[in-house]
Structure formats: C-alpha cells, structure tokens
Amino acid sequence: MKIIEGIKKYANTDRIAIICEGEKLSYNELDKYSEAIAIYLKSIHGEENTPILVYGNKENMMMPCMIGALKSGRAYVPLDTSFPIDRVKTVTEEVNPKVLFNFGEEVEFEDVIVINKEKLEDIINEYKEKSISSENWVKEDENAYILFTSGSTGKPKGVQISSNNLDSFVNWMSPYLKIDGSEKVMMNQAAYSFDLSVTSIYPALVNGSTLFSISKKVLADYKLLFSELKESNMSVWVSTPSFAGVCLSDSSFNQEMMPNLESMIFIGEVLPKNVAKELMERFPNTRVINGYGPTEATVGVSVNDITLEFIEDEKSLPVGYPMDNCKIKIVDENGIEVESGQKGEIMIIGPSVSKGYFNNKEKTDEVFYFDEINGVKHRAYKTGDMGHMLEGRIYYSGRVDFQVKLNGYRIEIEDIENNLRKVNNIKNAVVMPIYKNDKIAYLKGIVQLKEKNELSNIKNGTLIKKELSKYLPQYMIPRNVTVIDEFPMNTNGKIDRKKLMAEL
Ligand code: AMP
C-alpha cells in the first residue's frame with residue numbers, strides 16, 4: 001500500500017506529520033504508534049478482518065489509529081464527534097466492530113471494546129518496540145476505509161474505499177497539487193467522516209508534508225482560527241467553498257495571512273464565481289482549483305485551475321478535466337451517451353470507483369455497475385449528478401434527486417424527513433431547502449402532528465429540533481420547523497412540495 005510505504009519513507013526523519021492546536025506528532029511517532037496499534041488489533045481479531053471505528057474530531061492520536069488499522073489489514077470507519085450517539089450506534093450496529101477508538105464522549109456498546117485515550121496509551125507502551133510485517137497491510141481490493149454518508153432511508157450508507165481506489169486518487173492528486181516530498185503544510189480542516197478530508201490526509205502523508213489540523217474548537221472561534229492560520233505557514237488550502245466564503249468576510253483573510261499559500265482546492269459543492277474571483281484578488285500568488293467527485297469514486301475525479309476567462313464566461317465554473325485513468329460519460333434517461341455540450345447524468349468509470357455500499361447489496365446494485373475504458377472492464381458509478389462536457393471539461397448542473405449540499409455537507413433530504421418521523425407526536429414531515437442567490441441558505445422543516453397541542457409554532461419547533469438532534473448531527477437540523485394542519489396533495493396523492501413551498 002503506497003500510503004504506508006510513504007509514511008515509512010519519512011519515519012526516520014524529524015518531520016512533523018500532524019499538528020493540532022500546537023501539539024505535534026512526528027512521522028517517527030506516527031509510524032511507531034500505528035505499528036503498536038496494528039499489533040494490538042491483530043491480537044484481538046486474529047485472522048478476522050472486521051473494520052474498526054474511530055470516533056473523534058481532530059485529535060492527533062486519531063491518525064495512528066487509522067494508519068494502525070491499515071497496517072493490521074483492516075478498514076477504519078471515521079465518525080466525527082458531530083455525529084450524535086444515536087447515529088454512532090446505528091453505524092456500530094451496521095459494522096459490528098470488535099474495537100472502537102473513542103476520543104469523544106463516553107460510549108458503551110455491547111460486545112465492542114471501547115478504547116479511550118488512557119487505554120490507548122497503555123496499548124502503545126505495551127507494543128511500541130514491536131513491528132508488524134508488510135504482509136499484513138491492507139492491499140489491492142481490500143477496504144481501506146468506509147465512510148458513512150447520509151442515506152435516503154434515514155440510515156447512513158457506508159461507502160467502501162479500497163487500497164487500490166485510494167492509491168489511484170493519491171497518485172493523481174499529489175502531483176496536481178505539486179506535493180512533491182518537500183516540506184509543505186496542508187490544511188486538515190474537513191471532518192474525517194467527510195471524504196474531503198482525504199484530499200488533505202493522504203497526499204500529505206505519502207509525501208512527507210505536515211497536516212495542519214483545525215479542530216472544532218478552533219473553528220468555533222474566528223479570532224483563534226485566523227491567528228492559527230497566520231502561524232500555519234500553509235502551502236495548500238483544502239476546504240469547501242462555503243468555508244472559504246465565511247473566511248472572506250474578514251478583510252485580514254488575504255495573502256499576507258498566508259504568504260506561502262500555493263494553491264486552494266475546493267471540492268464538494270458549487271464554487272460560486274464571486275467567491276473564486278475574490279479569492280483570486282486576495283491571493284494573487286495562489287492557484288484557485290475547482291474539483292468534483294462523490295465519496296463513491298474516492299473524493300474527486302476531475303480538477304481544473306480557475307482562470308479569469310472562466311469567471312468572465314457566462315457559464316458556471318467548470319468542475320474540471322477528468323483524471324487520466326477515469327472516464328466520464330454523460331448519458332440521457334435511456335442510458336445512451338449524449339454528444340459533447342448536451343446535458344445528462346454524469347457516470348464515472350475507472351479504478352477509483354468503490355466496490356459499493358457496506359452490507360447493502362440492494363443500494364449497491366442501484367448505482368454501481370461495470371463498464372469499459374478502451375476495452376478494459378472497470379467499476380462504474382451512476383452519480384445522480386446532472387451536467388455536460390465541453391472541450392473536455394465537466395460542467396455540473398444540479399441533482400436528479402433530493403440530495404443537497406449545505407455548507408459542503410452532503411445531506412439526503414429524506415434522511416432528515418425519516419428521522420423527523422421518529423420524533424414524538426409527528427405524523428408526517430417534509431424538509432425544504434430554502435434558496436438565496438441560487439444557493440441553499442438553510443433547511444426548513446414542515447410537520448403535521450399526530451395530536452394537535454396548545455403550544456405555539458415556535459415552541460413546538462424548538463422541542464422538535466431538540467428531539468431531532470438525538471438522531472442527527474447539528475448540520476442536518478433544519479433552521480426552523482413549522483407545524484401545519486394538513487399537507488397539500490398532488491393528483492398522484494403525494495405531498496405537493498411545490499404548492500407547499502408557495503404556501504409558506
Ligand atoms: P460527497 O460525497 O460528500 O463528496 O458529495 C458528492 C456530491 O457533491 C457530488 O455528487 C455533487 O453533487 C456535489 N459536488 C462535488 N463537487 C462539486 C462541485 N465542484 N460543484 C458542484 N457540486 C459538487
């Protein structure tokens with residue numbers, strides 16, 4: 001596995017692998033600690049390769065746990081502390097792990113060994129002088145990680161990413177970002193449960209760069225965030241456009257703050273022209289890159305540098321040229337490839353496409369299939385994204401379903417609706433994205449109660465949101481929830497969302 005080989009290459013240097021709130025972990029420590037964790041995991045599992053869970057935010061020690069899993073031949077499942085315990089429980093039941101590394105609030109699950117920070121220290125002390133043979137490492141089509149994304153049924157779906165998938169992504173992304181083995185600093189801001197984080201982690205660790213982590217605590221305090229950025233000596237910025245948009249609201253966010261910033265890469269949602277333009281003005285020495293891809297095809301499959309020409313063009317910004325070994329097909333509703341310039345659904349074919357959803361053949365068969373590139377069979381994925389190709393570049397133009405992006409987070413609207421229906425006294429629920437300037441500004445929930453009560457709309461909304469936060473992370477909770485007597489229906493007997501929207 002290229003990733004572990006990469007880490008090994010720098011294991012005898014004094015380079016820093018990861019830094020968070022001033023605390024550092026060197027490549028040497030990362031290698032040694034992950035080795036010890038791998039040996040421990042082998043001793044617990046024997047030949048069984050059940051995935052392990054890692055629950056936390058940006059604690060440095062999460063990294064040796066993830067790499068330790070890979071060295072022991074098993075996948076890791078990262079869960080951010082923004083996941084409420086109920087969601088962690090759902091994933092735990094789905095994965096059925098033997099071990100969970102916990103950096104968050106205390107949890108207890110039947111038949112799961114929960115390892116907290118103190119226990120982890122004991123494990124490292126016990127095994128730190130030992131090493132594990134490379135024969136054990138995750139290889140080829142074996143799973144490296146499983147990321148749980150919002151699922152329309154109300155249960156998250158686990159996307160399985162193999163060692164081959166990951167190597168394919170890293171081999172393409174590292175040279176594009178000019179990460180070349182020299183000591184660079186990569187921003188590590190996205191939660192590990194969000195695939196954007198992989199854009200930072202592995203191109204950095206394979207090439208001896210330093211991951212500059214930005215924790216939830218720092219994110220919540222802009223003064224602290226900007227002072228950290230100033231100290232960071234950042235070379236590569238990785239975030240959603242939304243996050244950069246928020247940073248732009250402060251005038252000090254410019255090249256002076258990060259004089260060595262070479263590139264800023266955005267993947268995960270629409271990069272608005274005004275954001276790209278302002279970044280190019282404030283960071284004249286920095287490349288602004290727009291990338292595109294779903295978790296199911298390992299983070300990203302296309303990139304391009306944004307130029308003034310693209311900004312002045314009347315079309316939206318292109319989301320990139322496909323990576324070399326990947327083929328993008330745009331197809332009509334009958335699955336027939338359309339001509340260049342015509343709109344259709346985006347299909348991705350190539351070695352970065354996942355083998356499917358964990359333990360979920362039905363959902364896997366719906367969207368994964370096989371196709372060919374130059375006569376060679378590859379996995380393929382039906383994205384649900386609409387778009388067209390022009391001069392070899394991809395242009396994105398929305399979804400075919402109810403999946404949305406809010407501040408970069410991927411959310412299935414039906415996931416929220418199904419969880420709203422679990423809330424006490426709720427009969428039915430609809431969630432609507434509210435747009436401002438062609439961008440989703442927030443989500444609005446509309447519910448019908450089983451039994452009417454005397455509470456005001458605001459009070460009902462507050463109570464419902466509070467109960468909903470037991471099931472969903474904060475970013476999925478609608479900003480407001482309104483109670484109505486009856487949902488308008490269309491002629492098919494379905495809730496008429498358009499009419500509902502007009503009535504509100
Ligand atoms: P995720 O799996 O969280 O990475 O989300 C993948 C989805 O995000 C894609 O299927 C698209 O709908 C959307 N997406 C990713 N990159 C872009 C982009 N550059 N512009 C617009 N939408 C994007």
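The following paragraphs lead through the cores, helix packings and selected residues of this structure. The model is a predicted one.

The account begins with the nonpolar interior. In soluble globular proteins, nonpolar side chains tend to be buried together. Here the largest nonpolar core holds 87 residues, and the members that touch the most others are M63, F101, Y202 and L205. Helix α2, residues 27-45, supplies the largest share of this core, with 9 residues. A second core, separate from it, consists of 33 residues, among them V185, F266, M280 and V288.

F101 gives a view of the surroundings of one member of the largest core. Apart from neighbours within four places in sequence, F101 is in contact with I37, L41, I52, L53, V54, Y55, C65, I115 and L120. One of these contacts, L53, is also reached by T92. T92 belongs to helix α4, which spans residues 85-95. Its relative accessible area is 5%, and because the limit for a buried residue is under 20%, T92 is buried. Besides L53, the contacts of T92 beyond four places in sequence are P97, L100, F109 and V112.

Helix α2 also packs against another helix. Its partner is α5, residues 117-127; the two axes lie 8 Å apart and form an angle of about 95°. The angle therefore makes α2 roughly perpendicular to α5. On the α2 side the contact is made by Y33, A36, I37, I39, Y40 and S43, and on the α5 side by L120, I123, I124 and Y127. Two of these residues, I37 and L120, appear among the contacts of F101 as well. By class, the contact of α2 with α5 has 9 nonpolar residues, 1 polar residue and no charged ones.

A second helix pair is formed by α10, residues 241-248, and α11, residues 273-282. These helices pack at an angle of about 55°, with 10 Å between their axes. The angle means that α10 is oblique to α11, and the crossing of the two is left-handed. P241, A244 and L248 of α10 meet V275, E278, L279 and R282 of α11. This contact is made up of 5 nonpolar and 2 charged residues, with no polar ones.

Helix α11 has further partners. Its buried residues are V275, A276, L279, M280 and R282. They pack against α10, and also against strands β12 (263-266) and β13 (287-292) and helix α12 (308-312). M280 is, in addition, one of the residues of the second core.

Strand β13 leads to Y292, which is found in that strand. Y292 counts as buried because its relative accessibility is 7%. Not counting residues up to four places away in sequence, Y292 touches I267, V299, G300, V301, S302, V319, I346, I348, T383, D385 and Y396. Y176 is 116 residues from Y292 in sequence, and their C-alpha atoms are 14 Å apart in space.

The loop between β13 and β14 (302-305) contains T298. Its relative accessibility is 0%, so T298 counts as buried. The backbone of T298 also deserves attention. Most residues other than glycine have a negative phi. T298 is not a glycine, yet its phi is positive, near 60°. N425 likewise has a positive phi without being a glycine, at about 70°. N425 lies in the loop between helix α14 (413-420) and strand β24 (426-436).

Two residues further along the chain complete the account. P478 is found in the loop between α15 (457-468) and β26 (480-483). With a relative accessibility of 1%, P478 counts as buried. Leaving out residues up to four places away in sequence, P478 touches I416, V431, L443, K444, G445, K465 and L468. N304 is 174 residues from P478 along the sequence, and the C-alpha atoms of the two are 34 Å apart.

M501 sits in helix α16, residues 497-503. At 33% relative accessibility, M501 counts as partly exposed. Beyond four places in sequence, M501 touches M432, P433 and I434. Although M501 and I434 are 67 residues apart along the chain, their C-alpha atoms are separated by 9.2 Å.

Technical notes
Residues are numbered from 1 along each chain as its sequence is written. This is a predicted model: local features need pLDDT of at least 70, side-chain atom pairs count only at pLDDT 80 or more; totals for chains, interfaces and linings use all residues. Side-chain values use heavy atoms; hydrogens and water are left out. A nonpolar core is a set of buried Ala, Val, Leu, Ile, Met, Phe, Trp, Tyr and Cys residues joined through side-chain atoms within 4.5 Å. Buried means under 20% relative accessible area, exposed over 50%, partly exposed in between (1.4 Å probe, protein chains only). Helices (H or I, at least four residues) and strands (E, at least two) are DSSP runs, numbered from the N terminus. Contact means heavy atoms within 4.5 Å. Axes are lines fitted to C-alpha atoms, for helices over the stretch in contact, and angles run from 0 to 180 degrees between N-to-C directions. Angles under 35 degrees count as roughly parallel, over 145 as roughly antiparallel, 65 to 115 as roughly perpendicular and the rest as oblique. A crossing is left-handed if the near helix is turned anticlockwise from the far one by less than a right angle, and right-handed if clockwise. Ala, Val, Leu, Ile, Met, Phe, Trp, Tyr, Cys and Pro count as nonpolar, Asp, Glu, Lys and Arg as charged, and the others, Gly among them, as polar.
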